[in-house]
Amino acid sequence: MNTGLPPLLVIDDERNMRLSLDAIMAAEGYQLRAVESAEQAIKLLDEEEFFMVITDARLTGMSGYDFLKHIKSHRPSLPILMITAYATPKLAVEAIKAGAIDYLAKPFAPEELLHAVARCAERYRLLRENAALRARAGEPYRLDQIIGESPGIRELRQLIQTVAPTQATVLIAGESGTGKELIAGALHTLSRRTEAHYVRINCAAIPETLLESELFGHERGAFTGALKQKPGRVEEADGGTIFLDEIADMSRPLQAKLLRFLEDGSFIRVGGTQELRVDVRLIAATNRDVIDAIRQGQFREDLYHRLNVVQFRPPPLRDRGDDVVLLAEHFLRQFNSSMGKFVKGISKTARQCLMAHHWPGNVRELRNVIERAVILETLTELQPGSLPDFGVQTGLRRTESMPATNTRSLEKAVANFEKNLISRTLEQTHYNLAKTADQLKITRHALRYRMNRFGITVDAASDDESAAPESKDADG
Ligand SMILES: Nc1ncnc2c1ncn2[C@@H]1O[C@H](COP(=O)(O)OP(=O)(O)OP(=O)(O)O)[C@@H](O)[C@H]1O
Ligand SMILES: [Mg+2]
């Protein structure tokens with residue numbers, strides 16, 4: 001009757017109460033697990049899925065209220081029903097405020113309890129259905145989401161179209177934020193596998209010991225905590241695509257298993273003996289230098305060759321020319337509509353700032369910069385004042401990348417940093433001394449002094465008291 005539901009979890013330190021709840025629930029076809037303490041429950045919740053929790057308010061050890069608070073901060077959507085022998089309206093209010101779905105006073109009629117449980121079961125089913133619907137209808141990755149008209153990006157879109165319908169394994173190698181995930185998604189959407197699942201695993205985000213069981217599943221009892229059998233994500237991806245992000249972070253022993261899996265789709269669950277087989281296409285990505293990882297013995301060369309049937313190399317944003325502006329305008333439209341703002345365009349000076357920046361975080365950094373700018377901007381055109389102080393960042397980066405020679409004194413290094421920073425800021429403000437001094441938070445006199453010292457001469461520098469109208473406007 002209540003099949004397809006995970007069990008419900010009961011916490012009560014009275015054995016009789018646990019037994020009677022078990023009887024009531026079993027009669028209605030619910031599965032139940034019962035523990036004596038909140039501590040045990042927290043541990044169990046980490047290992048198994050439950051559709052709700054029924055807890056006594058007074059427990060030895062952690063109280064029902066503290067348990068409620070703990071769960072609400074970790075698993076806000078898990079419904080918790082509180083039961084107590086000492087019911088007062090005040091406690092009831094407290095429990096509901098703390099996030100309990102309901103509050104029952106002992107003794108209660110079984111129907112009362114069953115009614116509350118049925119509501120939670122219904123809610124669980126709805127949530128699960130919604131999640132499945134969302135996953136199916138979920139905004140698919142499309143080619144036109146990949147913005148840019150630079151030759152590198154045009155070629156990339158072309159290559160996606162060519163490679164997507166094939167079975168080829170793909171390796172995407174690019175700096176962080178260059179759009180590797182976007183490419184992987186588009187490859188799946190444009191393939192014949194699009195109706196089947198697209199499964200993403202970030203190899204760097206999962207502890208090494210768990211990655212194998214995540215990928216290939218485990219049998220019950222395979223390791224401490226493996227309370228039940230769990231199918232691997234490769235099984236979920238059967239007929240579809242699996243995207244392994246940050247593949248260079250995978251341990252060597254697991255690399256060997258992946259290599260075997262790539263040969264014919266066969267694998268064995270952790271702790272299992274039976275060989276299973278699926279039909280999965282693999283797309284892998286990395287932002288590390290794989291060749292370097294191979295040289296250092298961290299990455300198997302044979303796996304690299306097996307993965308590298310087709311390689312995508314999304315270029316860094318700094319090499320994409322005017323795409324910076326196209327992307328900035330794209331994100332501007334997005335954030336305008338999501339935040340209900342009306343920043344219509346990007347001012348010329350702001351555009352120049354964007355073009356001059358080095359973008360170490362690539363498109364993701366640009367997206368964040370525009371999001372922040374849309375929040376800050378009060379005018380209808382985005383002004384440089386709403387952009388971060390790229391000058392400082394660029395100066396820092398340049399200094400970082402300076403060769404650290406022993407002969408360079410600290411004084412010289414600092415002077416060099418100062419000189420770089422001043423030059424960059426001058427470039428950004430189009431050699432407006434007033435603005436440069438302002439940005440660097442020094443007086444114009446101090447700026448002139450330093451420029452003289454460092455031999456920075458700028459013919460075009462404007463040192464006019466009243467800054468040019470264009471730049472005043474640009475300052476917002
Ligand atoms: N060409 C593009 N057009 C539009 N949006 C893009 C483009 N490239 C990247 N983005 C957006 O930039 C953000 C970062 O992209 P993505 O997550 O694909 O990068 P990544 O290469 O996977 O980065 P990481 O190595 O850090 O995981 C995302 O919000 C993505 O939608
Ligand atoms: Mg990524």
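Here are four short exercises, with worked solutions, on a predicted model.

**Exercise 1. How do the axes of α2 and α3 cross, and which residues meet there?**

Let's start with the geometry. Helix α2 covers residues 38-47 and helix α3 covers residues 64-74; their axes come within 10 Å and cross at roughly 20°. Angles under 35 degrees count as roughly parallel, and α2 and α3 are therefore roughly parallel to each other. As for the hand, the crossing of these two helices is right-handed.

Next, the side that each helix brings along. From α2 come Ala-38, Ala-41, Ile-42 and Leu-45, and they meet Phe-67, His-70 and Ile-71 of α3. Sort the residues of this contact by class and you get six nonpolar, one polar and no charged.

**Exercise 2. At what angle do α6 and α7 pack, and what classes of residue make the contact?**

First, place the helices: α6 is residues 151-163 and α7 is residues 180-189. Their axes sit 9 Å apart, and the packing angle is about 35°. The hand of the α6 and α7 crossing is right-handed.

Now pick out the contact. Leu-156, Ile-160 and Val-163 on the α6 side meet Ile-183, Ala-186 and Leu-187 on the α7 side. So what's the tally by class? Six nonpolar, no polar and no charged residues make up the contact of α6 with α7.

**Exercise 3. Work out how α17 is oriented to α18, then list the residues that meet.**

Take the axes again. Helix α17 (residues 410-428) and helix α18 (residues 433-440) have axes that come within 9 Å and cross at roughly 130°. That makes α17 oblique to α18. Check the hand, and α17 turns out to pass α18 in a right-handed crossing.

Then go residue by residue. α17 supplies Leu-421, Ile-422, Thr-425, Leu-426 and Gln-428, while α18 supplies Leu-433, Thr-436, Gln-439 and Leu-440. By class, this contact has five nonpolar, four polar and no charged residues.

**Exercise 4. How many residues surround ligand 1, and which polar atoms lie by its oxygen atoms?**

Begin with the surroundings: ligand 1 has 18 residues around it, and the closest are Ile-147, Ser-176, Gly-177, Lys-180 and Arg-364.

Now go through some polar atoms, one at a time:

- Ser-176 puts a polar side-chain atom 2.7 Å from an oxygen atom of ligand 1.
- Gly-177 uses its backbone: a polar atom there is 2.8 Å from an oxygen atom of ligand 1.
- Asn-287 has a polar side-chain atom 3.3 Å from an oxygen atom of ligand 1.

Conventions
Residues numbered from 1 in each chain as written. Chains lettered and ligands numbered in written order. Predicted model: local features only at pLDDT ≥ 70, side-chain atom pairs only at ≥ 80, totals over all residues. Heavy atoms only, no water. Axes fitted to C-alpha atoms, helices over the stretch in contact; angles between N-to-C directions. Helix = DSSP H or I, 4+ residues; strand = E, 2+ residues; numbered from the N terminus. Parallel < 35°, antiparallel > 145°, perpendicular 65-115°, else oblique. Left-handed = near helix turned anticlockwise from the far one by under 90°. Contact = heavy atoms within 4.5 Å. Nonpolar A, V, L, I, M, F, W, Y, C, P; charged D, E, K, R; others polar. Near = heavy atom within 4 Å. Polar contact = N/O pair within 3.5 Å; in protein donor to acceptor, adjacent residues only side chain to side chain.
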